[in-house]
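Thanks for making the time, everyone. I would like to walk through the charged pairs and then the nonpolar interior of the chain on the screen.

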Amino acid sequence: MELPFAESYKIKMVEPIRRSAREEREKWVKEAHYNMFQLKSEQVYIDLITDSGTGAMSDRQWAGIMLGDESYAGATSFFKMKDMITKITGFEYVVPTHQGRAAENVLFSYLIKAGDFVPGNSHFDTTKGHIESRKAFAIDCTIDEAKDTQLEIPFKGNVDPKKLEKVLEANADKVPFIIVTITNNTAGGQPVSMQNLREVRAIADKYNKRVLFDSARFAENAYFIKVREKGYADKTIKEICKEMFSYADGMTMSAKKDAIVNMGGFIAVNVKDWYENSKRLAIIYEGYATYGGMNGRDMNALAIGLDENTEFESLETRIKQVEYLASRLDEFGIPYQRPAGGHAIFIDAPKVLTHVPKEEFPAQTLTVELYLEAGIRGCEIGYILADRDPVTRENRFGGLDLLRLAISRRVYTNNHMDVIAVALKNVYDRREQITRGFKIIEEAPLMRHFTVKLERAGK
Ligand code: F0G
C-alpha cells in the first residue's frame, strides 16, 4: 500500500488556542463594528485573517535569530540576506525594508508621479493604495477568466497581454513600469505561468518599459509552475525562481509570506537607478541601507526562511493543506475560486448568500457569519476592500466579492481544516435565512477595510 502524504516537518513548540461561546462572539463582533481587524486575537479560535507574518519559523530560523548581527552599518546579517536573495532571484542590488508596503512606498516614491498609469494583474490593496495615493492609476489587466470562480484553469492569475498592450499603446509615456503580482493574491492566490511572464517581458521590451514583480508569494508561484506547466516538472523550485525573475527588472517583497518571517521585506533590483534611488529614499523612510527597518536577527531568519521555502517539500506540504481544505468544501458543495489558490481558499460569497444584495456586502456578511458560527476569523477580499472609485467616489462592485480563508504556514493541522470546513457547511446550510447584510457607518478614504465601521442593514 502506498504511504499517505504527511507534513515535511514535526512540531517542536505549540501555542494554546481557545474556543469561545456564541454569545461571547456576538458581543465581541458587535463591539468591533463587525470589522474583523478590530477583534482582539484572543477572541479568535482559528485565525485565517492572513498568512502574512503569522507563519511558524523553523528551528534553523530561530537559531539564526540568536546569531543576528545588530551592527548599525555593514552587519553580516545583511550580507547573508543579500547573498541569499541574489542566489535565488539573480538580482544584484538589495534594499531591506520593514515589510512589503514599505518596499512599495520607497520604490514608488521614486517611480510614480500624478497622472501615471501602472498596469498589472490585480494590484494588492497596499500596492493600489501606494499608486492611488500618488494620484496615479492602477490598471488591472488580469485575464477575464479570473472573474469566473467556477472555471478551472491552471494559471488564473495571468496578465492579459492584449489588455496590457492596449494600456501601453494609448499611454506609453505615462507608464513608469509594469507590475506583475506572483501569485495573484486578489484574484484568489492564483499563479502566473512562466509563459505569461515571458509574454509580459516581450511587451515591456517592445515599449521599452521595465517590469516589477510583487513577489510576496513567488515561491508558491514557482511550485505551481513546476506541477502545472509543461517543461518544468524536472526543474527545482530554485531553478524555476531564477527563470521567473529573469523576466523582471526588480521585485518588491513582503517577506512575511514566502520567507516565513514575522516581519520583513525588501526591494531587489538589477537596475542601477532603481537601486540608488531606493537606497536614498529608504534611508529617510526605513533606516540605513544595511538594515532598512529590520533587526539583524530578522535578516538572518529571512535568509534561512527563503532558502527553506524554495524547496519543493516545504511548498508541497503547504499547498497540499490548502488543497485538503478545498476537498472538504467540495464535499459540501461550497463554491470557491477554483482551483484552490496557493495561500488561501476564497469563497464566492454572492454565490452563497444569494439573498444579500451587493450594496450590503455579501462577503463581509459571510465573514461575520463564519466568525459567529465557530470563532473563525476570515477576511473580506471584496467590495469593501475594493474601496471607492477615486474619481466618482462610488463603491466598486465590478470585481469579485470573496471571503478569504488564508492559511498560515506550518501553524494549523488538517484537524483545524476540518473544523473550518464544517463551520462553513453549517453557515451554508442556513444560507437561505441570511437575507440582510451590512451598511457602512464610517470609513476612511483609502484602504477603508482596516478601520471601517459597520452596522446590520435594515435597521
Ligand atoms: N503584495 C501582496 C501580493 C500582498 O499580499 C501583500 C500583503 C503586500 C504586497 C504588502 O505586504 O503586508 O508586508 O506590507 N498581504 C497581506 C495579506 C497583508 O493579508 O494578503 P506587507
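**Salt bridges and cores**

Let me begin with Glu-31, which forms a salt bridge with Lys-27, the closest N and O atoms being 3.5 Å apart; by salt bridge I mean a side-chain nitrogen of Lys or Arg within 4 Å of a carboxyl oxygen of Asp or Glu. This is a predicted model, in which local features need pLDDT of at least 70 and side-chain atom pairs count only at pLDDT 80 or more, while totals for chains, interfaces and linings use all residues. Residues are numbered from 1 along each chain as its sequence is written, and side-chain values use heavy atoms, with hydrogens and water left out.

By the salt-bridge rule the count comes to 43. Arg-409 forms one of them with Glu-220, where the closest N and O atoms are 3.0 Å apart, and both Arg-409 and Glu-220 are buried, a word I use for under 20% relative accessible area, computed with a 1.4 Å probe and protein chains only. Another joins Arg-318 to Asp-51, at 3.6 Å between the closest N and O atoms. Arg-318 is buried at 6% relative accessible area, and Asp-51 is buried at 0%. These four residues belong to a network of salt bridges that also includes Arg-217 and Asp-258.

Turning to the interior, the largest nonpolar core (buried Ala, Val, Leu, Ile, Met, Phe, Trp, Tyr and Cys residues joined through side-chain atoms within 4.5 Å) has 59 residues, of which Phe-213, Phe-218, Met-244 and Leu-306 touch the most other members. Apart from it lies another core, of 34 residues, including Ile-46 and Leu-405.

Terms used
Buried means under 20% relative accessible area, exposed over 50%, partly exposed in between (1.4 Å probe, protein chains only).
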